[in-house]
Amino acid sequence: MPKPEVLQLRPYSEHDNAELERHFELFRIFEAEDSSSYLAQYGGRIRAIAGRGDLIVDRQMMAAMPNLEIISVFGAGYDGIDVEAASEAGIIVTNTPDVLSGDVADLAVALFMGLTRDIVSAHDYVRSGDWSRRGPYRLFRRIAGQRAGIVGLGRIGLEIGRRLHALGMEISYWSRMAKDCPEGWNWVGDQHQLASESQALFVALAANEDTYQFVDRRMMEALGPDGVLVNISRAMTVDEEALLDSLENGKLGGAGIDVFKGEPNVDPRFHRLENVIMHPHHGSGTIESRKEMGELVITNLKAHFQGQSPLTPVNREVVGLRASQRAE
Ligand code: 8YV
């Protein structure tokens, strides 16, 4: 049996690359000098894409692959994919949710604790010898009893809340509608009100056109000079210009940031700030998460080509449609 043809947008881990190769005929577009002519040459053969959430697959690109059936995304986020265009063309889109939620939530909490207990500067204080020269370090605010606000209570937001609750924090959240969540968590339907009632705000939104710069200057100022903002979602969910202004002029106390506009290039204004902890978009960056993400990317593709439904579709309706067409 010939292997289904898969367009690979970027290399994966060695293990995942080998697994992909075992099951599919790979077209590694990232090795091509000119991707448009590569697509013009091979687009007609491609039946699937192995991608990543932030890598663009737009309407035009899909049109260059008339036999495309499925886009399998490595990542929970799929903001690079035009899902509407995919659905219109009957193309299934899958992602890798759940397997990384705990690890991303761990990082959110680590960034928060790193900020509130000043881990980076305190570490330098010891290492530089300042401790013996200048005496005891400054005092912090206790974490237990603080009010946490979670913006977006999806899978990752829920895991963040569970961890913060275990630390003794009060949990409130914003989402369009109240969600099924642990008892005692408080739904706040107005994001600005949530910010004004919170001491720490955790952004766990899915990135799409509705959430573009959802966390605005007003929210940052409502959070205030003693408040901290943590973003482990996507840079576009936060107004980065407003964030930098607010951190520079002290209207916002601090920020823990895993995601940046234009990453891996980071606005140099971030480099000069003392009240931030930064991380290189690595919330899912554990061996375990990445392994399970890779497995899920491949399992989704394999299931589809074996005539089954993929495990984690984003546009479920297309899967249903395809299944009913197969049954006819
Ligand atoms: C990246 C992520 O996919 O899951 C997401 O949405 O942003 C990450 O897990 C990962 O960093 C690979 O680049």
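Two residues are in contact here if they have heavy atoms within 4.5 Å of each other. Keep that in mind for the exercises, and remember that this is a predicted model.

**Exercise 1. Work out the surroundings of Ser175.**
Which residues does Ser175 touch, and is Ser175 buried or exposed?

*Solution.*
Step 1: Find the spot. Ser175 sits in the loop between strand S7 (170-174) and strand S8 (186-187).
Step 2: List the contacts. Leaving out residues up to four places away in sequence, Ser175 touches Leu153, Trp187 and Val188.
Step 3: Check the side chain. One of its polar atoms lies 2.6 Å from the backbone oxygen of Met177.
Step 4: Decide on exposure. The relative accessible area of Ser175 is 4%. The cut-off for buried is under 20%, so Ser175 counts as buried.

**Exercise 2. Compare two other loop residues.**
Where do Leu167 and Ser309 lie, and what does each one touch?

*Solution.*
Step 1: Start with Leu167, in the loop between helix H8 (155-166) and S7. Its relative accessibility is 28%, so it is partly exposed.
Step 2: Look at its contacts. Not counting residues up to four places away in sequence, Leu167 touches Val109, Met113, Ile143 and Ala144.
Step 3: Take one of those partners, Ile143. Leu167 and Ile143 are 24 residues apart in sequence, and their C-alpha atoms are 7.2 Å apart in space.
Step 4: Move on to Ser309, in the loop between H13 and helix H14 (316-327). With a relative accessible area of 40%, Ser309 is partly exposed.
Step 5: Again skipping residues up to four places away in sequence, Ser309 touches Ala303 and Val319. Asp258 is another story: Ser309 and Asp258 are 51 residues apart in sequence and 33 Å apart in space, C-alpha to C-alpha.

**Exercise 3. Sketch the five-stranded sheet.**
What is the order of the strands, and which strands are at the edges?

*Solution.*
Step 1: Write down the order. This open sheet runs S2-S1-S3-S4-S5, with parallel pairing.
Step 2: Mark the edges. Strand S2 (25-28) and strand S5 (92-94) each pair on one side only, which makes them the edge strands.
Step 3: Add the twist, which averages 20° from one strand to the next.
Step 4: Zoom in on one pair. Strand S1 (residues 5-8) and S2 are parallel and share four bridges, with Glu5 standing opposite Glu25 in S2.
Step 5: Put in the helices. Helix H1 (residues 14-23) lies across S1, S2, strand S3 (48-52) and strand S4 (70-74), at about 125° to S2. Helix H13 (residues 287-305) lies across S3, S4 and S5, at about 170° to S4.

**Exercise 4. Do the same for the seven-stranded sheet.**
Why is one side of S8 and of S12 left without a neighbour in the sheet?

*Solution.*
Step 1: Get the order, which is S8-S7-S6-S9-S10-S11-S12 in an open sheet with parallel pairing.
Step 2: Look at the ends. S8 and strand S12 (276-278) stand at the edges and have a single partner strand each, so each has one side without a neighbour in the sheet.
Step 3: Add helix H8, which packs on this sheet and touches S6, S7 and strand S9 (200-203). The direction of H8 makes about 170° with that of S6.
Step 4: Pick a pair inside the sheet. Strand S10 (residues 228-231) and strand S11 (residues 254-257) pair in parallel over four bridges, and Asn231 stands opposite Ile257 in S11.

**Exercise 5. Hunt for aromatic pairs.**
How many aromatic pairs does a search of the whole structure find?

*Solution.*
Step 1: The search turns up nine aromatic pairs.
Step 2: Take Tyr125 and Tyr137. Their ring centres are 4.8 Å apart and the planes meet at 70°; over 60 degrees counts as edge-to-face, and that is the label for this pair.
Step 3: Place the two rings. Tyr125 is in helix H6 (residues 119-127), and Tyr137 is in the loop between helix H7 (130-134) and strand S6 (147-151).
Step 4: Check exposure. Tyr125 is buried at 11% relative accessible area, while Tyr137 is partly exposed at 26%.

**Exercise 6. Explore the ligand site.**
Which residues are around the ligand?

*Solution.*
Step 1: Name them: Arg52, Phe74, Gly75, Ala76, Gly77, Leu100, Arg234, His281, Ser284, Arg290 and Met293.
Step 2: Look for polar contacts. A side-chain N or O atom of His281 is 2.7 Å from a ligand oxygen, and for the side chain of Ser284 the distance is 2.7 Å.
Step 3: Check the backbone too. A backbone N or O atom of Phe74 is 3.3 Å from an oxygen atom of the ligand.

Definitions and conventions
Residues are numbered from 1 along each chain as its sequence is written. This is a predicted model: local features need pLDDT of at least 70, side-chain atom pairs count only at pLDDT 80 or more; totals for chains, interfaces and linings use all residues. Side-chain values use heavy atoms; hydrogens and water are left out. Two strands pair if DSSP finds at least two bridges between them. Axes are lines fitted to C-alpha atoms, for helices over the stretch in contact, and angles run from 0 to 180 degrees between N-to-C directions. Buried means under 20% relative accessible area, exposed over 50%, partly exposed in between (1.4 Å probe, protein chains only). A polar contact is a pair of N or O atoms within 3.5 Å; within protein, one must be able to donate a hydrogen and the other to accept it, and residues adjacent in sequence count only if both atoms are side-chain atoms. Rings of Phe, Tyr and Trp (its six-membered ring) pair if their centres lie within 6.5 Å; planes under 30 degrees apart count as stacked, over 60 as edge-to-face and the rest as tilted. A residue is near a molecule or strand if one of its heavy atoms lies within 4 Å of it.
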